[in-house]
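Hi everyone, thanks for making time. I'd like to walk you through one structure today, so please have the viewer open and follow along.

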Amino acid sequence: FCYQLLLYWKDAVCIFFRIVPIEKNYAKAFELLQPYADKEYVLAQEDIGAMYLFGRGVVQNYVTSAYYFQKAANNGSAYGNRMLGIIYYEGLGVAQNKSLGRQYLTQAIKQGDKSAQEILDDYKTAEKYNERYSALDKIMSNIPGYNNFYNIGKGVGEFIGSFTSDD
């Protein structure tokens, strides 16, 4: 059974990473990964959760994203716990619950997820200084194709041109 799990997952990973970065066919990657997520393969659950969270290959859906991250977390995924922490802390498709968000992030930290510690620290700092902070926005800023405000449509009214400086 373990050999089959590795073999199936290896096939899905190869398909996912060959299709997505080179051909940018997220819909096909989703189609190929979905059956593995439903068969309780945690890495596929993480990827499907992320695809729904960021709207890659599917229509963005925070509720469905939380569902797959919950499945991954239930299967021992630190990443699933981290992402659920963000979802609940920021109220993405769920009622905002910072306490529950902290619990999921703390669980991810206990599982060795250093990024979860950074996110939790950033939330605490933002609260201390009464500032707005979104871990999701920070994550999206590091995704190719989402790396500027014009691509994600956050904080920008409309593009009215560009300029260069001779300085």
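Let's start with H5 and H7, whose axes come within 10 Å and cross at roughly 20°. This is a predicted model, so please hear everything I say in that light. Are these two helices roughly parallel or roughly antiparallel? An angle under 35 degrees counts as roughly parallel, and therefore H5 and H7 are roughly parallel to each other. Their crossing is left-handed. On the H5 side the contact is made by Arg82, Ile86, Tyr89 and Glu90, and on the H7 side by Ser115, Ala116, Ile119, Tyr123 and Glu127.

Please zoom in on two of those residues, Tyr89 and Tyr123. Their ring centres are 3.7 Å apart and their planes meet at 20°, so this pair is stacked. Tyr89 belongs to helix H5, residues 78-90, and Tyr123 to helix H7, residues 114-128, so the pair ties together parts that are 34 residues apart in sequence. Are the two tyrosines buried or exposed? Tyr89 has a relative accessible area of 5%, so it is buried. Tyr123 has a relative accessible area of 2%, so Tyr123 is buried as well. The cut-off behind both calls is under 20%.

Now stay on H5, but turn towards H6. As a reminder, two packed helices are described by the angle between their axes and the distance between the axes. H5 packs with helix H6, residues 98-110, at an angle of about 160°, and the axes are 7 Å apart. That angle makes H5 roughly antiparallel to H6, because anything over 145 degrees falls in that class. The crossing of H5 and H6 is left-handed. From H5, the residues that meet H6 are Ala78, Asn81, Arg82, Leu84, Gly85, Tyr88 and Tyr89. Their partners in H6 are Lys98, Leu100, Gly101, Arg102, Tyr104, Leu105, Gln107 and Ala108.

You may have noticed Arg82 on both lists. Arg82 is found in helix H5, it takes part in the contact with H7, and it is among the residues that meet H6. Which residues does it touch, leaving aside neighbours within four places in sequence? Arg82 is in contact with Tyr104, Leu105, Ala108, Asp113, Ser115, Ala116 and Ile119. With a relative accessible area of 16%, Arg82 is buried.

There is another buried charged side chain to look at. Lys71 is found in helix H4, residues 62-74, and at 15% relative accessibility it counts as buried. Not counting residues up to four places away in sequence, Lys71 touches Ala37, Glu40 and Gln45.

Glu40 deserves a moment of its own. Glu40 lies in the loop between helix H2, 26-38, and helix H3, 42-54. Most residues other than glycine have a negative phi. Glu40, however, has a positive phi, near 75°. At 40% relative accessibility, Glu40 counts as partly exposed.

Where else can we see a positive phi? Asn130 has one, near 55°, and its place is in the loop between H7 and helix H8, 135-140. Unlike the partly exposed Glu40, Asn130 is exposed, with a relative accessible area of 74%.

Back to the rings for a minute. How many aromatic pairs does the model have? The count comes to eight. Tyr67 and Tyr68 form one that is edge-to-face, 5.0 Å centre to centre with 85° between the planes. These sequence neighbours differ in their surroundings: Tyr67 is partly exposed, with a relative accessible area of 47%, whereas Tyr68 counts as buried at 6%. Ring pairs link both of them with Phe30 and Tyr52 into a cluster. One more ring has a charge over it: Lys39 lies over the face of Tyr36, at 5.9 Å from the ring centre.

Let me finish by zooming out. The protein has nine helices and zero strands, so from the N terminus on, its elements run α-α-α-α-α-α-α-α-α. Of the 167 residues, buried ones make up 38%. Among the contacts with a separation of 6 or more, 44% are between residues 24 or more positions apart. That's my tour, and I'm happy to go back to any view.

Definitions and conventions: Residues are numbered from 1 along each chain as its sequence is written. This is a predicted model: local features need pLDDT of at least 70, side-chain atom pairs count only at pLDDT 80 or more; totals for chains, interfaces and linings use all residues. Side-chain values use heavy atoms; hydrogens and water are left out. Rings of Phe, Tyr and Trp (its six-membered ring) pair if their centres lie within 6.5 Å; planes under 30 degrees apart count as stacked, over 60 as edge-to-face and the rest as tilted. Buried means under 20% relative accessible area, exposed over 50%, partly exposed in between (1.4 Å probe, protein chains only). Helices (H or I, at least four residues) and strands (E, at least two) are DSSP runs, numbered from the N terminus. A charge sits over a ring if NZ of Lys or CZ of Arg is within 6 Å of the ring centre and within 35 degrees of the ring normal. Axes are lines fitted to C-alpha atoms, for helices over the stretch in contact, and angles run from 0 to 180 degrees between N-to-C directions. Angles under 35 degrees count as roughly parallel, over 145 as roughly antiparallel, 65 to 115 as roughly perpendicular and the rest as oblique. A crossing is left-handed if the near helix is turned anticlockwise from the far one by less than a right angle, and right-handed if clockwise. Contact means heavy atoms within 4.5 Å.
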